[in-house]
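Work through these exercises with the model open beside you. Try each task before you read its solution.

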Amino acid sequence: MYIDTHAHIFRANISSANVVRYVPNYDASCEQYLANLKEFNFSYGVLVQPSFLGFDNSYLLQALKEHSNLRGIVVIDPNNISDLKEKNVCGLRLNLIGKDKPNFDDYKEALEYIKEFNLHIELHKELDKLLFIIDDLAKYNVKIMIDHLARPNKDTFKLLDEFNNYKNLDINFKVSGFYRLDEDLAFSKDVFDKLSDIFDIKRFVYGSDWPHTNYESKINYQKALDDFLKVTNDKAKIILQDNAKELFFI
């Protein structure tokens, strides 16, 4: 059983967020994603709310209702956690690229719900600023998922050593989006090797990052998987098959 824990679906030219970095001019439909899962022998997929759709999780939630092999990660207004309670929603995403550090007191109700029902909070942030966010989040004692191997670049690579200070936290990593790490696959392998020296291999899950927004001309589902196999080598099987089951209620 293979599990893809990171993909996006959306319709062309639709944005619901107040501030966006990018709005795709093409459809990435649920049907297209399901076809990828079938072609590459994945049994389950996880839909992650893209930043440009803001708090409007309706397209994602509809897909979860229609397909039992899909799970979801939503983005919410901290004053309204109803989408977090929908069936097969496994976590809350904070996409903080280019944004200020959040005040987690604003998310108190959401974090209490996440802890009680064993969901997780997913962080997408540049590494040099991510560590401060983890510091703030630590007191809430929730599971943490970090997108795209924490997104270091070659200047911030040494900061990965700081994760030795967080080994007592329930931190997990998505092995995904290598093209977002200085577009250097060898560097991505160095990052994976460093993190997997610090954390048990059970803390890593695979994500295709389909449809690879902003990198559509360079990456497809096949190449994302091929690159993952090159980066993880003999550790690929456990990452693809087993690690995601508990985190995504499979």
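Two rings of Phe, Tyr or Trp (its six-membered ring) count as an aromatic pair if their centres lie within 6.5 Å. The model used here is a predicted one.

**Exercise 1. Aromatic pairs**

Task: Find how many aromatic pairs the whole structure holds, then classify the pair of Phe192 and Phe204.

Solution.
- Step 1. Searching the whole structure gives 19 aromatic pairs.
- Step 2. Take Phe192 and Phe204: their ring centres are 5.5 Å apart, and their planes meet at 75°.
- Step 3. Planes over 60 degrees apart count as edge-to-face, so the pair of Phe192 and Phe204 is edge-to-face.
- Step 4. Place the two residues. Phe192 belongs to helix α5 (residues 185–198) and Phe204 to strand β8 (residues 204–206), twelve residues apart.
- Step 5. Check burial. Buried means under 20% relative accessible area. Phe192 is buried because its relative accessibility is 1%. Phe204 is buried too, because its value is 0%.

**Exercise 2. An aromatic cluster and a cavity**

Task: Name the members of the aromatic cluster that includes Tyr206, then describe the largest cavity.

Solution.
- Step 1. The cluster consists of Tyr2, Phe40, Phe42, Tyr206, Tyr221 and Phe228.
- Step 2. Count the cavities. There is one cavity of 30 Å³ or more.
- Step 3. Give its volume. The largest cavity measures about 50 Å³.
- Step 4. List the lining. Val175, Ser176, Gly177, Phe178, Tyr179, Tyr206, Gly207, Ser208, Ala224 and Asp227 line the largest cavity. Tyr206 is thus in the cluster and in the lining.
- Step 5. Sort the lining by class. Five residues are nonpolar, four are polar and one is charged.

**Exercise 3. Asn57**

Task: Decide whether Asn57 is buried or exposed, and find the backbone oxygen beside its side chain.

Solution.
- Step 1. Locate Asn57 in the loop between β2 (42–48) and α2 (58–66).
- Step 2. Asn57 is buried, because its relative accessibility is 1%.
- Step 3. A polar atom of the Asn57 side chain lies 2.8 Å from the backbone oxygen of Val75.
- Step 4. Leave out residues up to four places away in sequence. Asn57 then touches Gln49, Val74, Val75, Ile76 and Asp83.

**Exercise 4. Two lysine contacts**

Task: Set out the surroundings of Lys125 and of Glu246, with the side-chain contact of each.

Solution.
- Step 1. Lys125 sits in the loop between β5 (120–124) and α4.
- Step 2. Lys125 counts as buried because its relative accessibility is 4%.
- Step 3. Its side chain makes a polar contact of 3.4 Å with the side chain of Glu126.
- Step 4. Not counting residues up to four places away in sequence, Lys125 touches Leu96, Ile97, Gly98, Lys99, Leu130, Ile133, Ala150 and Arg151.
- Step 5. Turn to Glu246, in helix α8 (residues 244–247). Exposed means over 50% relative accessible area. Glu246 is exposed because its value is 54%.
- Step 6. Beyond neighbours within four places in sequence, Glu246 is in contact with Asn118 and Lys143. The side chains of Glu246 and Lys143 make a polar contact at 3.3 Å.
- Step 7. Compare sequence and space. Glu246 and Ile121 are 125 residues apart in sequence, yet 14 Å apart in space, C-alpha to C-alpha.

**Exercise 5. Backbone details**

Task: Find which bond joins Trp210 and Pro211, then examine phi in Asn141 and Ala150.

Solution.
- Step 1. The bond between Trp210 and Pro211 is a cis peptide bond, with omega about 5°. Pro211 lies in the loop between β8 and α6 (221–232).
- Step 2. Asn141 is not glycine but has a positive phi, near 55°. Its loop runs between α4 (127–137) and β6 (143–146). Asn141 is exposed, because its relative accessibility is 54%.
- Step 3. Ala150 also has a positive phi without being glycine, near 75°. Its loop lies between β6 and β7 (171–175). Ala150 is buried, because its relative accessible area is 0%.

**Exercise 6. Ala236**

Task: State where Ala236 is found and which residues it touches.

Solution.
- Step 1. Ala236 is in helix α7 (residues 236–241).
- Step 2. With a relative accessible area of 5%, Ala236 is buried.
- Step 3. Not counting residues up to four places away in sequence, Ala236 touches Phe228 and Leu229.
- Step 4. Ala236 and Thr5 are 231 residues apart in sequence and 14 Å apart in space, C-alpha to C-alpha.

Technical notes. Residues are numbered from 1 along each chain as its sequence is written. This is a predicted model: local features need pLDDT of at least 70, side-chain atom pairs count only at pLDDT 80 or more; totals for chains, interfaces and linings use all residues. Side-chain values use heavy atoms; hydrogens and water are left out. Rings of Phe, Tyr and Trp (its six-membered ring) pair if their centres lie within 6.5 Å; planes under 30 degrees apart count as stacked, over 60 as edge-to-face and the rest as tilted. Helices (H or I, at least four residues) and strands (E, at least two) are DSSP runs, numbered from the N terminus. Buried means under 20% relative accessible area, exposed over 50%, partly exposed in between (1.4 Å probe, protein chains only). Contact means heavy atoms within 4.5 Å. A polar contact is a pair of N or O atoms within 3.5 Å; within protein, one must be able to donate a hydrogen and the other to accept it, and residues adjacent in sequence count only if both atoms are side-chain atoms. On a 1 Å grid over the protein atoms alone, a cavity is a set of points where a 1.4 Å probe fits but cannot get out, and a pocket is an open set with protein on both sides within 12 Å along at least five of seven lines; lining residues have an atom within 4 Å of a point. Grid points are joined across faces, edges and corners, and a volume is the space filled by probe spheres set on the points. Ala, Val, Leu, Ile, Met, Phe, Trp, Tyr, Cys and Pro count as nonpolar, Asp, Glu, Lys and Arg as charged, and the others, Gly among them, as polar.
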